[in-house]
Amino acid sequence: MPYIHIQVTDEGVTNAQKQSLIKGATQLMVDVLGKNPQTTFVVIDEISTDNWGIGFEQVTAIRQRPS
C-alpha cells in the first residue's frame, strides 16, 4: 500500500495539474514496483511560499525579485 506525498508551493496549481500528478505518480508505482493502483495513495499539500525556504530566504521574497 504505497503512500506518495507531494508538496508544492501554492502558486496556482490547477485541478487538472493535480490530477496529472496523481495519475503520473500512481502509474510510476505500477510501472516500477508493480503496485496495485487501487491501494496507492497520493496526497498533495500546497504550501504557502512564506512557509517554504531555499537557502536563507522565503520563496515569497525570491519570487518578488526582478528577474
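Helices (H or I, at least four residues) and strands (E, at least two) are taken as DSSP runs and numbered from the N terminus. The structure is a predicted model, in which local features need pLDDT of at least 70 and side-chain atom pairs count only at pLDDT 80 or more, while totals for chains, interfaces and linings use all residues. Residues are numbered from 1 along each chain as its sequence is written, and side-chain values use heavy atoms, with hydrogens and water left out.

**Exercise 1. Overall form**

Task: Determine the order of the elements of the protein and why the protein is described as more spread out than a compact globule.

Solution.
Step 1. The protein has two helices and four strands. From the N terminus on, they run β-α-β-β-β-α.
Step 2. The radius of gyration, taken over C-alpha atoms, is compared with the globule rule, 2.2 Å times the number of residues to the power 0.38. For 67 residues the rule gives 11 Å, whereas the protein has 15 Å, well over that value, so the protein is more spread out than a compact globule.
Step 3. The C-alpha trace spans about 45 × 25 × 20 Å along its principal axes.
Step 4. Contact means heavy atoms within 4.5 Å. Of the contacts with a separation of 6 or more, 63% are between residues 24 or more positions apart.

**Exercise 2. The two sides of helix H1**

Task: State which residues of H1 are buried and where they lie around the axis.

Solution.
Step 1. Helix H1 comprises residues 15–33, 19 residues in number. The expected span of a helix is 1.5 Å times one less than its number of residues. From its first C-alpha to its last, H1 reaches 27 Å, close to the 27 Å expected.
Step 2. Buried means under 20% relative accessible area, exposed over 50%, and partly exposed in between (1.4 Å probe, protein chains only). By this criterion, Lys18, Ala25, Thr26 and Met29 are the buried residues of H1.
Step 3. These residues cover an arc of only 90 degrees around the axis, which puts them on the same side of H1; the arc is that of the directions from the helix axis to the C-beta atoms. An α-helix has 3.6 residues a turn, so residues three or four places apart point the same way.
Step 4. The other side of H1 carries the exposed residues Ala16, Lys23, Leu28, Asp31 and Val32.
Step 5. The cover over the buried residues includes strand S1 (3–9) and strand S2 (41–47).
Step 6. After H1 comes Gly34, with a positive phi near 70 degrees.

**Exercise 3. The nonpolar core**

Task: Identify the residues of the largest nonpolar core and the element that gives the most to this core.

Solution.
Step 1. A nonpolar core is a set of buried Ala, Val, Leu, Ile, Met, Phe, Trp, Tyr and Cys residues joined through side-chain atoms within 4.5 Å.
Step 2. The largest such core has six residues, namely Ile4, Ile6, Val8, Ala25, Met29 and Val42. S1 and H1 each supply at least two residues of this core, and S1 gives the most, with three residues.
Step 3. Ile4 is found in strand S1 and counts as buried because its relative accessibility is 16%. Neighbours within four places in sequence aside, the contacts of Ile4 include Ala25, Met29 and Val42.
Step 4. With that exclusion, Val42 is in contact with Ile4, Ile6, Ile22, Ala25 and Thr26.
Step 5. Thr26, in helix H1, is buried at 13% relative accessibility. Beyond four places in sequence, Thr26 is in contact with Ile4, Pro37, Thr40 and Val42.

**Exercise 4. From Gln7 to Asp10**

Task: Classify Gln7, Thr9 and Asp10 as buried or partly exposed, and list their contacts beyond four places in sequence.

Solution.
Step 1. Gln7 lies in strand S1 and is partly exposed, with a relative accessible area of 43%. Its contacts are with Asp45, Ile47 and Trp52.
Step 2. Thr9, found in strand S1, counts as buried at 15% relative accessibility. Thr9 touches Ile47, Thr49, Trp52 and Arg63.
Step 3. A polar contact is a pair of N or O atoms within 3.5 Å; within protein, one must be able to donate a hydrogen and the other to accept it, and residues adjacent in sequence count only if both atoms are side-chain atoms. The side chains of Thr9 and Glu11 make such a contact at 2.5 Å.
Step 4. Asp10 lies in the loop between S1 and H1 and is partly exposed at 39% relative accessibility. Asp10 is in contact with Glu46, Ile47, Ser48 and Thr49.
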